[in-house]
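User: Please take a close look at a single part of this model. I would like the second largest pocket and the aromatic residues around it.

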Amino acid sequence: MRHIIPNSAFVIKNVIIHILAHFSVLQKWHQKTVSISVLVLATILASHVQSANILVILTFTSKSHYILLRPIGLELARRGHNVTIITAFKEIDPPPNYQEVMIDDIEVWDVLGGERPNIFTMVDKSAEEFHEKVLWGGLYGFTQVALNSTEVRDFLKKDNTFDLVISELFFQESFYVLAHKYKAPLVLVTTFGNCMKQNFLTGNPLQLGTVVFEYLDLIDLTSLWGRFRNAYFTMYEYFWWKFWYLEKQEQLVETYLAEFLTDRPPSLYDIQKNASLLMINRHFSFHKPAALLPNIVEIGGIHLSQSNSSLPKDLQEILDNAEHGVVYVNFGSNIRSSELPANKKTAFINVFKKLKQTVLWKWEEDQFEDKPANLVTRKWLPQKDILAHPNIKVFIAHGGLIGIQEAIFNGVPIVGVPIYADQFNNMVQIQQAGIGKMLEYRDINENTLENILNDIIYNDTYKNKAKEVSRRFKDRPMTPLDTAMFWIEYVLRHKDADFMKSPARDMSWFRYFMLDLYTVVITIIIVLAILVIIGIRLIKLISEYLMKTQQLCMKIKRL
Ligand SMILES: *[C@@H]1O[C@H](CO)[C@@H](O)[C@H](O)[C@H]1NC(C)=O
């Protein structure tokens, strides 16, 4: 195993940077004492012994994914690690020990070779269609674009070494080969709250009766149909992924990565199976509790911290001055509200017109016909900080997990119109938690919208419940970001932390699910049953025989 102190000069440089940073803080203290300085110095030194070279792979070009995952690389850099990130998003002011390798920023629709569709139409796609067309179709293309990016190829040619590779788990498996290239442990991280196939890979219980597949739209998982659909789709996805999609990713490895490898890598399946850690975007205080192996860690809320209310001045004023509160509308970074069909748009506008509240809406066009006086639109809105404002009454959203977590964190009730992926699922959980309501896209009209909004705005139970969930969402031994840092550094300290991985990985599924045992037990029961039946038959036969001889004897006697 390689040690994780890559370059002592680098470590010392970082220690000095941090000491200087801490000194400027120290000078602000009124009673600074030498002993405190020494203590701080010692802590800094202790925490820097572990400076490592870390490669972070966030190749998916969706802004919401980046918003969620960017704190990981930045925080690692802040802690003195040398971070290299493959990404489509450039930081404005990155730290010096944070190198960005830019991939070509191409829209999924360009990759698929078509026009960007109106994303609201995705509401009609089944989970199967969504996987086939959008996830597998689109993400394969994305992976190809990322692998073929000039900066990525130049980077791979270089003679770099890494102690750890952290990658988003989102249908770009060929990149996992880099963990093999650099002989480094692999840490995976998701933006969604569950990863059913990873359960198969790592030997984590599937819990099909209580944990819903991440992209299924099920109202009642516990019903017989619900559990059937969950089990069926889990198998469907797993087999198509393993035997079809992963094969296509293997081909990408051949085409784009093989030239940078010195030996034949293990299969992508095995690389993923042997990942040291999976960090998932959930927390039991909102999601349902689930059994998780020690190397599957909940980091839901990782991108959230108390807002430092850095709202732009104009927005700050609008929010501050909203006497009756604010209705905040944002369907996320991928969906464009301005693409709403005319009748649905009119429904929204007519309802908003009647409200006393100010309405703040992410609207992607300059034009807005018949704009009500209480409506403010912007093409992009700093959502985290808006939701932190005390005047927000309700968040009208599409139910994407990231926005939902931002609302939960700030105790804001939600009206959700789910369109695709995990949004339906998220809204079912929001309803069950009593902190909002789902409004299905096909049901949007003036009536439904008005009723739901008035209910949420004027019925305090939603707000009170939202505050309660917010309190428990934040009540943890460590912040989610610190939790992620702890486990990432744990993997570094224990060099892959192989001992955390379940022995189930090396068992055949037949043995893991105890099918051999059940077979033996059932066979024994059947054999015993047969023996009992034969025994009974035999006793019957013997007794019949005895009866007959008795009768014969009696006949003979009578004669
Ligand atoms: C930090 O990582 C980059 C690769 O992006 C590498 O070129 C550089 O040498 C590393 N620095 C140290 C001090 O290891």
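Analyst: What follows covers the pocket, its lining and the ring pairs linked to it.

The model is predicted. Start with the pocket itself. The second largest pocket has a volume of about 450 Å³. Its lining has 21 residues, and those closest to the centre are Phe200, Tyr238, Tyr269, Trp509 and Phe513. By class, the lining divides into 14 nonpolar, four polar and three charged residues.

Next, the helices that build the lining. α8 (196-202), α9 (224-257), α10 (268-273) and α19 (509-512) each supply at least two lining residues. The largest share comes from α9, with five residues.

Two of the residues closest to the centre, Phe200 and Tyr238, also form a ring pair. The model holds 41 aromatic pairs. In this one, the ring centres of Phe200 and Tyr238 are 4.1 Å apart and the planes meet at 25°, so the pair counts as stacked; the cut-off for stacking is under 30 degrees. Phe200 belongs to helix α8 and Tyr238 to helix α9, so the contact ties together parts that are 38 residues apart in sequence.

The two partners differ in exposure class. Phe200 has a relative accessible area of 21% and is partly exposed. Tyr238, at 7%, is buried. The limit for buried is under 20%, so Phe200 at 21% does not qualify.

Helix α9 holds a second ring pair. Tyr236 and Trp240 both lie in α9, four residues apart, about one turn of the helix. Their ring centres are 6.3 Å apart and their planes are at 45°, so this pair is tilted. Here too the exposure classes differ. Tyr236 is buried, at 16% relative accessibility. Trp240 is partly exposed, at 41%.

Other aromatic contacts can be added to the picture. Ring pairs link Phe60, Phe130, Phe142, Phe170, Phe171, Phe192, Tyr215, Tyr245 and Tyr420 into a cluster. By its number, Tyr245 falls within α9 (224-257). Lys248 also falls within that range. The charged end of Lys248 sits over the ring of Tyr140, 4.3 Å from its centre. A further contact of this kind involves Lys344, whose charged end sits over the ring of Tyr441, 5.0 Å from its centre.

To sum up, α9 gives the pocket lining its largest share. Tyr238 of α9 stacks with Phe200 of α8, and both are among the residues closest to the pocket centre.

Definitions and conventions: Residues numbered from 1 in each chain as written. Predicted model: local features only at pLDDT ≥ 70, side-chain atom pairs only at ≥ 80, totals over all residues. Heavy atoms only, no water. 1 Å grid on protein atoms, 1.4 Å probe; cavity = no way out; pocket = protein on both sides within 12 Å on 5 of 7 lines; lining within 4 Å. Points joined across faces, edges and corners; volume = space filled by probe spheres on them. Nonpolar A, V, L, I, M, F, W, Y, C, P; charged D, E, K, R; others polar. Phe/Tyr/Trp six-rings, centres within 6.5 Å; stacked < 30°, edge-to-face > 60°. Buried < 20%, exposed > 50% of the residue type's maximum accessible area, 1.4 Å probe, protein only. Lys NZ or Arg CZ within 6 Å of the ring centre and 35° of its normal.
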